[in-house]
Number of protein chains: 4
Amino acid sequence: MRKAPSQSRSKATVEAIVEAATRILSDLGWAGFTTNKVAEAAGVSIGSYYQYFPDKLSLIEAIRQRHLDDCLGTMRTAGEGGKPPAQLVEDLVGSIIAIHSHHPGLHRVLLDEAPSAETFRNPEDAFEKEYLACYRNWVAAYRGSRGGASDEAIAIILSDAIDGVVHNAARRGTLQSSAVKTELIRLVRAYMESS
Amino acid sequence: MRKAPSQSRSKATVEAIVEAATRILSDLGWAGFTTNKVAEAAGVSIGSYYQYFPDKLSLIEAIRQRHLDDCLGTMRTAGEGGKPPAQLVEDLVGSIIAIHSHHPGLHRVLLDEAPSAETFRNPEDAFEKEYLACYRNWVAAYRGSRGGASDEAIAIILSDAIDGVVHNAARRGTLQSSAVKTELIRLVRAYMESS
Amino acid sequence: MRKAPSQSRSKATVEAIVEAATRILSDLGWAGFTTNKVAEAAGVSIGSYYQYFPDKLSLIEAIRQRHLDDCLGTMRTAGEGGKPPAQLVEDLVGSIIAIHSHHPGLHRVLLDEAPSAETFRNPEDAFEKEYLACYRNWVAAYRGSRGGASDEAIAIILSDAIDGVVHNAARRGTLQSSAVKTELIRLVRAYMESS
Amino acid sequence: MRKAPSQSRSKATVEAIVEAATRILSDLGWAGFTTNKVAEAAGVSIGSYYQYFPDKLSLIEAIRQRHLDDCLGTMRTAGEGGKPPAQLVEDLVGSIIAIHSHHPGLHRVLLDEAPSAETFRNPEDAFEKEYLACYRNWVAAYRGSRGGASDEAIAIILSDAIDGVVHNAARRGTLQSSAVKTELIRLVRAYMESS
DNA sequence: GATGAATGAGTATTCATTCAT
DNA sequence: CATGAATGAATACTCATTCAT
């Protein structure tokens, strides 16, 4: 972002922009997503848009970031509190599905239409590092002292498999299907308990 | 595609266009991918391009289709010939990894930058149907007569999980890592053998 | 220029653009000079404009270049043919005044409003080098073997003084005044004949 | 200017703005010269800027005016005190060169990039009138009662020739070269003493 | 008087696509 | 069939200027 909104007036402006953008992206897709249209929908002048966002991409990134923050928040809490492993899996899967259920249309656009920044799925990225660290802790807590591959290798495979199942279900609009949740849980448990 | 290339000269033209497009997409990314540039790189006039492709999207789809055909081919053969289940998994995973290793740069672009047609991951799409059917057969062959979720539900989860692991590894450039293959095999086996 | 106009159709296009630009610059000044307006006035689409000119500045440069070519042409011929010095001066001054009389409004805009390229009055520039060389020859032919400053130093002062007199007269619209010509000739002769 | 700064605080504000503007123009050129940037560099809000300057052009004019005032000051004193003609020329040329040596980068921008007001080199303009009057007096004092063109015609030619030599030297960065000064003096003397 | 958030008209430039030759 | 000159709708982004606080 070009400039941090300090006063409450500007905070509202930024909020309105992000919300309008989410709506437009959801409803019209990437093709209908123009900075002028976003500003208008937000009830804000195009000039105000560029006070806070240096360009078009940075708005997409801001939206993506909010989603990533949600995911990270879930990961941080899902591992807390010494629950039994079975519960751990159910909570994690449930949370991730819940997060991706908020704006179903948005995810398809974000995944398949909007261009991604360089940092997307880049292991050097700060978010990716912390996200993976959460998974690593979670894996360590789950598997106990069983042998085999490193926590990190398992964390990556697990994270990517869940990512694939959840995102593709979101694309198909079947994220609410109970079968998806049940089977995903079964998948995770089976993998975690294998040798 | 606008018209099927019947003569051999036409076939060569189409081939040249698709190859040039693949190269440009790989090297310059979606941003550098313009129809005029593709035509020039293919040694063809822009007018000729539009003889064979009705628009820009159809070229992307043609490229994607080649990849999907590869995947389908693998799925068709991977399930053949009454191999033992353990072998079945190894062959499948190995083939999918091999397919995605051909143009590493291209996949990242296709996944994260290029827009997808409506048919992408659409269950109504002919490719999706056949692809899923392969998985279903494969699942049926593997699991035997165990109870639980339907073959279809399992096939979808499995396909999506593999998709997630393989595509994210391709994005990171770690597709050749042996840990990816080993763990992916373990994931599939564990899931297939669970209750 | 982005691309040389090879066919006669495209040559006409480029010509129409440059002419329309000259007219607009002359009539509306730099403020009214937009690429879209130029294209429209030239009876050409904005797309055609950008086939031949990479940006807005390059069109200004093209116009300036034509003027510089005129000046250079004059300098090349003004020194030819062993005329007596007195005649030399009169021909030179007359030609320069004539060149600047073609589009009186244009010069004021080009000088005082339009941005100049890096090469403007840059001694490293090819045009500047050749232009100065002409002046040097001319000075050498005029002064004979008199001592004093180098031909080059004299050429620069002379060129700059003429430049100042002619351009300021053009700005004021007094270029046609016979006093300007008479006195400029007197200035040049006096300088050339001084010790 | 919108209003004369009467209090000392206001004077300081105006001063800070003009100085910041000079610096920015010098360092970043006309392209980097924006009212917001100038205000920020001056440590003043953009709102305050518009208290003192009605628009952007007036700031440029203020900067130019300071330079013109310098020139006029020089002209006023250069002609005083019954010096011998030879001394007169040397003082005049020396002063003009000195004035243009203060901000070399600024002059190139002011001459070649910044747009000029309608008053620029406009004979109706008060500055132009007074400046020319100085030159006329100076010419009259120098030439004595020799015949020929009017004092005014000579004054214009002289002023423009000096303008050309000095400004072009400033553009090239050769204003400090002693040859420029020597030859310019020689040019003026030769012209004044001819016929 | 001072502030700085907000404004919005204005413009250069791209690139998929057409069609006369 | 091939060519490539021409098209023009569409859009990101700037920056001088205003005015509510």
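Trainee: How many residues of chain D are in contact with chain C, and what makes something a contact?
Mentor: There are 35 residues on chain D's side, meeting 34 residues of chain C. The word contact is used when heavy atoms lie within 4.5 Å. Keep in mind that this is a predicted model: local features need pLDDT of at least 70, side-chain atom pairs count only at pLDDT 80 or more, and totals for chains, interfaces and linings use all residues. As for bookkeeping, residues are numbered from 1 along each chain as its sequence is written, chains are lettered from A and ligands numbered from 1 in the order in which they are written, and side-chain values use heavy atoms, leaving out hydrogens and water.

Trainee: What does "area buried" between chain D and chain C refer to, and how much is there?
Mentor: Buried area is the accessible area (1.4 Å probe) that two parts lose on being put together, summed over both. Here that comes to about 3,000 Å², with 56% given by carbon and sulfur atoms. On chain D's side, I157(D), R172(D) and R186(D) supply 20% of the area buried against chain C, more than any other three residues.

Trainee: Why is the pairing of R172(C) and D160(D) called a salt bridge?
Mentor: The term needs a side-chain nitrogen of Lys or Arg within 4 Å of a carboxyl oxygen of Asp or Glu. R172(C) and D160(D) meet at 2.8 Å, N to O, so the pair fits the definition. The count between chain D and chain C is two salt bridges.

Trainee: Which elements of chain D give two or more residues to the side touching chain C?
Mentor: Those are α6 (104-112), α8 (151-172) and α9 (178-193) of chain D. Helices are DSSP runs (H or I, at least four residues), strands likewise (E, at least two), numbered from the N terminus. α8(D) gives the most, with 12 residues.

Trainee: How do you know whether H100(C) is buried or exposed?
Mentor: Compare the value with the cut-offs: buried is under 20% relative accessible area, exposed over 50%, and partly exposed in between (1.4 Å probe, protein chains only). H100(C) has 4%, so this residue is buried. H100(C) sits in helix α5 (residues 85-101) of chain C. Not counting residues up to four places away in sequence, H100(C) touches H67(C), C71(C), H107(C), V166(C), H167(C) and L175(C).

Trainee: What about R121(A): what is unusual in its phi?
Mentor: Most residues other than glycine have a negative phi. R121(A) is not a glycine, yet its phi is positive, about 55°. R121(A) lies in the loop between α6 (104-112) and α7 (126-143) of chain A, and at 8% relative accessibility it counts as buried. In chain C, R121(C) has a positive phi near 55° and counts as buried at 9%.

Trainee: How many helices and strands does chain A have, and how much of chain A is buried?
Mentor: Chain A has nine helices and zero strands. Buried residues make up 50% of its 195 residues. The C-alpha trace of chain A spans about 60 × 35 × 30 Å along its principal axes.

Trainee: How do you know which of chains C and D chain A touches?
Mentor: Chain A has no contact with chain C, where the closest C-alpha atoms lie 21 Å apart. Chain A and chain D do not touch either, with their nearest C-alpha atoms 13 Å apart.
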